[in-house]
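User: Please take a close look at the salt bridges in this model, pair by pair. After that, go through the backbone details elsewhere in the chain that deserve a check by eye.

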Amino acid sequence: MVTRRSQLSRAGLAFALCLQHLVSAIEVPLDLPQPPTITKQSVKDYIVDPRDNIFIECEAKGNPVPTFSWTRNGKFFNVAKDPKVSMRRRSGTLVIDFHGGGRPEDYEGEYQCFARNDYGTALSSKIHLQVSKSPLWPKEKVDVIEVDEGAPLSLQCNPPPGLPSPVIFWMSSSMEPIHQDKRVSQGQNGDLYFSNVLLQDAQTDYSCNARFHFTHTIQQKNPYTLKVKTTRGITETTPSFMYPYGTSSSQMVLRGVDLLLECIASGVPAPDIMWYKKGGELPAGKTKLENFNKALRISNVSEEDSGEYFCLASNKMGSIRHTISVRVKAAPYWLDEPQNLILAPGEDGRLVCRANGNPKPTIQWLVNGEPVEASPPNPSREVAGDTIVFRDTQIGSSAVYQCNASNEHGYLLANAFVSVLDVPPRILAPRNQLIKVIQYNRTRLDCPFFGSPIPTLRWFKNGQGNTLDGGNYKAHENGSLEMNMARKEDQGIYTCVATNILGKAEAQVRLEVKDPTRIVRGPEDQVVKRGSMPRLHCRIKHDPTLKLTVTWLKDDAPLYIGNRMKKEDDGLTIYGVAEKDQGDYTCIASTELDKDSAKAYLTVLAIPANRLRDLPKERPDRPRDLELTDLAERSVRLTWIPGDDNNSPITDYIVQFEEDRFQPGTWHNHSSYPGSVNSAVLSLSPYVNYQFRVIAVNDVGSSLPSVPSERYQTNGARPEINPTGVQGAGTQRNNMEITWTPLNATQAYGPNLRYIVRWRRRDPRGSWYNETVKTPRHVVWNTPIYVPYEIKVQAENDFGRAPEPDTVIGYSGEDYPKAAPTDVRIRVLNSTAIALTWTRVHPDTIQGQLKEYRAYFWRESSLLKNLWVSKKRQYVSFPGDRNRGIVSRLFPYSNYKLEMVVTNGRGDGPRSEAKEFPTPEGVPSSPRYLRIRQPNLETINLEWDHPEHPNGVLTGYNLRYQAFNGSKTGRTLVENFSPNQTRFTLQRTDPISRYRFFLRARTQVGDGETIVEESPALLNEATPTPAYTKNHVDIATQGWFIGLMCAIALLVLILLIVCFIKRSRGGKYPVRDNKDEHLNPEDKNAEDGSFDYSDEDNKPLPNSQTSLDGTIKQQESDDSLVDYGEGGEGQFNEDGSFIGQYTVKKDKEETEGNESSEATSPVNAIYSLA
């Protein structure tokens, strides 16, 4: 990566621009008498637009204010006589107004301005006024030009002469530009040259166009039409020059202008042009090749550029050259321009006017606009060629002198006045100036002054007596003090003192040296994928007393910061970068004194959207190059370089830290930042030796942690916070344990962290006790039972204590309550719930914090005969200071006992007197199971078991059933049974439909829960063919079958098919015909020949459950003992009476037939009975 950077000091630039003034003449204050000085005038060759008014400028200063007059073509120009001409007030500028009509051409000519006052006359240069001309193109008939293919051709333009000369360009008549290259190009004279003509050149026409500057008009010449005559082949030819002609030519140019040399050659193929100078190299740094190397431009020609130049035209057929002899002439130019001369009475002086040129110019002196020879004689003045010497001047000798240096190529005119004054020193600059400069830059302290005689000026620093001149300082004649390199020690107050024989004057300048503005981390060249979020860094260090401005450029033009970009103090982030964002980015940091810039190139890879979706997305690469800057007591700036996002944009950065005192090697999360950030200011705690690392996160996951940064140690300080979570509670009846959450590594703030624990009884008159510990726990012994304490815990380290902590209320240890609730009363609500009321205990007997009242109860017996019950104790809690509650989830039809206690943090108090109560009868739960068997198509056998929870004396069973076939259902039929009956046979009236049965038991209270079952589907409703096919496949895949020979296998296969066909005939019989089939001896239903169809296809209704062995699970009752919180083992006697506790134990019925995973096949179902 290469970051391109440039730095520029504004003070340095201003210093360079002002160097020319260090030796300039001393200005006379305008409040003093002085001759006129021309301050503004029009250019010598002045071309004006004929459509506008004409302004010829001439302004001057002087005291008294000058008056103005003009000459035109060497004669006095009477402005007052021409109504179109006026002169601006307090100015000599002429205004010629054409709004009322008139011809601008009538005012062409040579104008000169004269500015006069009591002390002399100043002259302007002679201004040659011309009106711009845009003549029409002369009419001409342009014939079709016939040319052989491969021949050279030049199309002449010959534009009409304009003022200034028009700009020439060639286009077709349809306004399409003519393509130019080394074969076809336009010469400086405007002609279009073809080195060789090709057939394609006839496809368009050619028109010369002239654009005139002032009128902004374009005139078009009639177009040329080419007719190219083709031959069998184009003959290759050696080069020959089309312009200039011959082998040599000469050219004269004036010094200071641009020299343009041109060579245009023909040939097939088109020749290449090269340029040389005889006897040396082309002028270095001044030459430029133009027009496909056919033109050589030398800028700002000087006499050293004279000589012979030659151009070499070559192709593969040969080469030729043309020599151009260049002669450089020069209009006059100044060597010593005369300057204003200020003299005191009796002083001597001189005016010098030296100029050079080629040919050498002649010098002519004038005084107040008249030749010096024709002026009144002055004995104190002597003219000696280019110098005028003044001796013993006196007041009244003031005048303006003009020096005219001229030759055949031009002239120079300069005004310089001689002013004789008698003035004490004065400082012209504002007092108490403030100068700011960037450290190590050159600077200049100005102290403009005036006096006559000219005062001497000296500089002093901070009131010291030594004159500043030499070494790092240089004093100039105009009063400026120059410093080669401004250092911090150069700051201070500088005093300039101007002195002459008439007195002295002084002024002070204060110098401040500022730190330079520097980009310490600039943007870097990057290659990013479209849609990513690149960040361009621009971290700046500058003098804090100067206002900083940061601007961004893209491709050297101001960057528009839209919604997709975010400009921050240390960089620029681009969200969702696109191809249009590619380019050069420049960060410019500037203050009022200097600026710095850094540039980098951003390359955006355009990945097609479909390909971008297909790219694998992974966790990002780890960040790298962690750097700590802006180090402070409580903060530091952490900067990192993001890793590759691996096609999933980074959403977050997690900054972690590790310290090596309390938990070395353990990393903690410090903070998190958006994925668009790669620099953050981190808040730090005192007395921590930090080390940082960064983890990048995207939608896929987290990156590996970065390599840790360097360590940064912060200084210690007293703690700023106290421990939190302070508590006081007893662990025994005679103590109080005080605990708190200790300070962590970033809260300790210093070494030897400890805690000052203070406590006292909650009594303003009580005295405080204290103890200093290092662990987060302290136990106070020999305390009274459950009394409040005031507690304070304050952090302290070697640097001091934390602020005064808050007071927390704690309590000493509790003891068991001493009293039991009284007057316990019970009211039965229903068969499973009772309501309780009691009298609360006195608070003094609790001996701690009241937690709850508890009701302990147990089942003493059941009201059913011979039913064993569990007497396990249970309890119900009533939190808080209450005197009533409800106990629920009791067993119906049972005897219970109940006791009450009060509970605190220590435990239960004494129990109250036991109370007995019975629960009334309830409704039963559902029967344990309901089994359905279909021995044939005419009957259905039902069998069920007694309810698991009778909840009273059973009075009978209620059975409701209905036939259904798909979505159609029949009417509901009802059967009632005695409590001891558990079987029922149904005679089917519909051999096709299935049946749905609803069975429930009842007591005197009412009907219980219902169990629902459905009869299974009939076996003959399925086709037996799949069973045959299944058996066939099973045998065909046996291992012994695979080893047989093909011939034997075919025979065995035929025999097996015959055998299986005979065996499979039984599967086609109705179920009712299979009563003689041999049954499994383990089937307890074999006696009556019925079948128990309990296979997995016979799904019960949603409110019933089927066990794995096909039996029906008992549906759990809402009133079951599980709900009451008790359980146990229980069963029925043969007569149906209870002989044990109610329980959820399931009957394990023997399997009715062999179950199979292939029971869905009717044949397999039959085989399972075999």
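Analyst: A salt bridge is taken here as a side-chain nitrogen of Lys or Arg lying within 4 Å of a carboxyl oxygen of Asp or Glu. Side chains of opposite charge can pair when their charged atoms come close. The model is predicted, and for that reason local features need a pLDDT of at least 70 and side-chain atom pairs count only at pLDDT 80 or more, whereas totals for chains, interfaces and linings use all residues. Residues are numbered from 1 along each chain as its sequence is written, and side-chain values use heavy atoms, with hydrogens and water left out.

By the rule above, the count comes to 64 salt bridges. One of them joins arginine 297 to aspartate 258, with the closest N and O atoms 3.8 Å apart. This pair links distant parts of the chain, since arginine 297 is in strand β27 (residues 295–298) while aspartate 258 is in the loop between β22 (248–254) and β23 (259–262), 39 residues away. Helices (H or I, at least four residues) and strands (E, at least two) are DSSP runs numbered from the N terminus. For exposure, a residue is called buried under 20% relative accessible area, exposed over 50%, and partly exposed in between, with a 1.4 Å probe and protein chains only. Both members of the pair fall in the middle class: arginine 297 is partly exposed because its relative accessible area is 24%, and aspartate 258 is partly exposed because its value is 40%.

The pair formed by arginine 487 and aspartate 490 meets at 3.2 Å, N to O. Its two members fall on either side of the buried limit, for arginine 487 counts as partly exposed at 28% relative accessibility, whereas aspartate 490 has a relative accessible area of 2% and is therefore buried.

A further salt bridge runs between aspartate 556 and lysine 599, whose closest N and O atoms are 3.3 Å apart. Aspartate 556 sits in the loop between β52 (549–554) and β53 (557–558), and lysine 599 sits in strand β57 (residues 594–605), so this contact ties together parts that are 43 residues apart in sequence. At 55% relative accessibility, aspartate 556 counts as exposed. Elsewhere, salt bridges that share partners join Arg535, Lys566, Glu568, Asp570, Asp630 and Arg637 into one network, which can be followed on the display from one side chain to the next.

Turning from side chains to the course of the chain, asparagine 358 lies in strand β32 (residues 354–358) and is partly exposed, because its relative accessible area is 28%. Asparagine 358 and histidine 409 are 51 residues apart in sequence, yet their C-alpha atoms are 8.4 Å apart in space.

The backbone geometry is the next thing to check. Most residues other than glycine have a negative phi, and most peptide bonds are trans. The peptide bond from asparagine 63 to proline 64 is cis, with omega near 5 degrees, and proline 64 belongs to the loop between β5 (58–63) and β6 (67–72). Another cis peptide bond joins serine 452 to proline 453, with omega at about 5 degrees; in this case proline 453 is in the loop between β42 (449–452) and β43 (456–461).

Positive phi angles also occur at residues that are not glycine. Methionine 175 is one such residue, with a phi of about 65 degrees. Its place is the loop between β15 (167–171) and β16 (184–186), and at 45% relative accessibility methionine 175 counts as partly exposed. Asparagine 293, likewise not a glycine, has a positive phi of about 70 degrees and is found in the loop between β26 (287–290) and β27. With a relative accessibility of 34%, asparagine 293 counts as partly exposed. Strand β27, which bounds that loop, also holds arginine 297, the partner of aspartate 258 in the salt bridge described earlier.
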